[in-house]
Amino acid sequence: MKFYKPTLRLSHYTKVTLPLLKEMGIKGIITDLDDTLAPRNTFLPDEEVCRWVKELTEGGIRICIVSNNHKKRTKDFADPLGVPFYYRAGKPSKKWIFKALETLQLTKDEVVLLGDQLFTDMAAANRCNMKSVLVDPVGTYGGWFVQFKRKMEIPLRKKIPYYEK
Ligand SMILES: [Mg+2]
């Protein structure tokens with residue numbers, strides 16, 4: 001369980017706010033894309049995610065997207081937001097998380113990893129010894145492997161309480 005456990009669990013990425021990040025001593029976010037910021041079957045960032053990114057970056061927070069999805073999907077989403085991105089990251093691999101930290105020019109203690117999956121996102125954060133925020137998936141669309149992982153997560157998620165303000 002400790003390999004998958006997030007620092008905080010929130011219902012939605014918009015609950016990650018400037019005051020919360022300040023309280024956590026966080027200056028940057030490495031975020032997952034699919035089902036964290038948008039459902040897998042949407043292609044462009046919606047107004048809500050644009051507003052969230054703008055508000056945080058104007059507040060001094062640096063954001064980088066690290067996705068396991070392919071280049072076009074990640075680029076099409078990240079470019080309109082004006083944030084750097086890495087694709088085919090192979091989370092829970094640590095490699096592109098560390099690349100993202102370099103890009104953000106922050107240390108791992110200053111950055112939180114945001115994601116919707118325990119076995120990829122939260123595991124990657126814990127392997128890197130980083131703080132993490134688990135959110136509920138914003139979409140239900142996904143292939144058999146995603147569905148399989150979601151089923152495996154159900155008993156584990158039940159043990160993680162929400163932290164909401
Ligand atoms: Mg995801």
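Me: What makes the contact between Arg40 and Asp35 a salt bridge?

Reply: Happy to walk through it, keeping in mind that this is a predicted model. The side chains of Arg40 and Asp35 come to 3.0 Å, N to O. The cut-off is 4 Å between a side-chain nitrogen of Lys or Arg and a carboxyl oxygen of Asp or Glu, so the pair qualifies.

Me: Why is Asp35 called buried?

Reply: Its relative accessible area is 0%. Buried means under 20%, so Asp35 earns the word.

Me: How do you know that Asp32, Asp34 and Asp116 are donors of the magnesium ion?

Reply: Their atoms, OD of Asp32, O of Asp34 and OD of Asp116, lie 2.1 to 2.2 Å from the ion. A donor has to be within 2.8 Å of this metal, so these three count. Asp34 and Asp116 are 82 residues apart, with Asp34 in the loop between strand 2 and helix 2 and Asp116 in the loop between strand 5 and helix 5.

Me: What makes the pair Arg73 and Asp34 a salt bridge?

Reply: The closest N and O atoms are 2.8 Å apart, and the limit is 4 Å, so the pair passes. It links distant parts of the chain, as Arg73 sits in helix 3 and Asp34 in the loop between strand 2 and helix 2. Arg73 is buried at 7% relative accessibility, and Asp34 is buried at 5%.

Me: Why is Lys72 called exposed, and Asp76 partly exposed?

Reply: Exposed means over 50%, so Lys72 at 55% meets that mark. Asp76 stands at 30%, between the 20% and 50% cut-offs, and is therefore partly exposed. The two meet in a salt bridge of 2.5 Å, N to O.

Conventions. Residues are numbered from 1 along each chain as its sequence is written. This is a predicted model: local features need pLDDT of at least 70, side-chain atom pairs count only at pLDDT 80 or more; totals for chains, interfaces and linings use all residues. Side-chain values use heavy atoms; hydrogens and water are left out. Donors are N, O and S atoms within 2.8 Å of the metal (3.2 Å for Na, K and Ca); water is not among the atoms, so sites may look incomplete. Helices (H or I, at least four residues) and strands (E, at least two) are DSSP runs, numbered from the N terminus. Buried means under 20% relative accessible area, exposed over 50%, partly exposed in between (1.4 Å probe, protein chains only).
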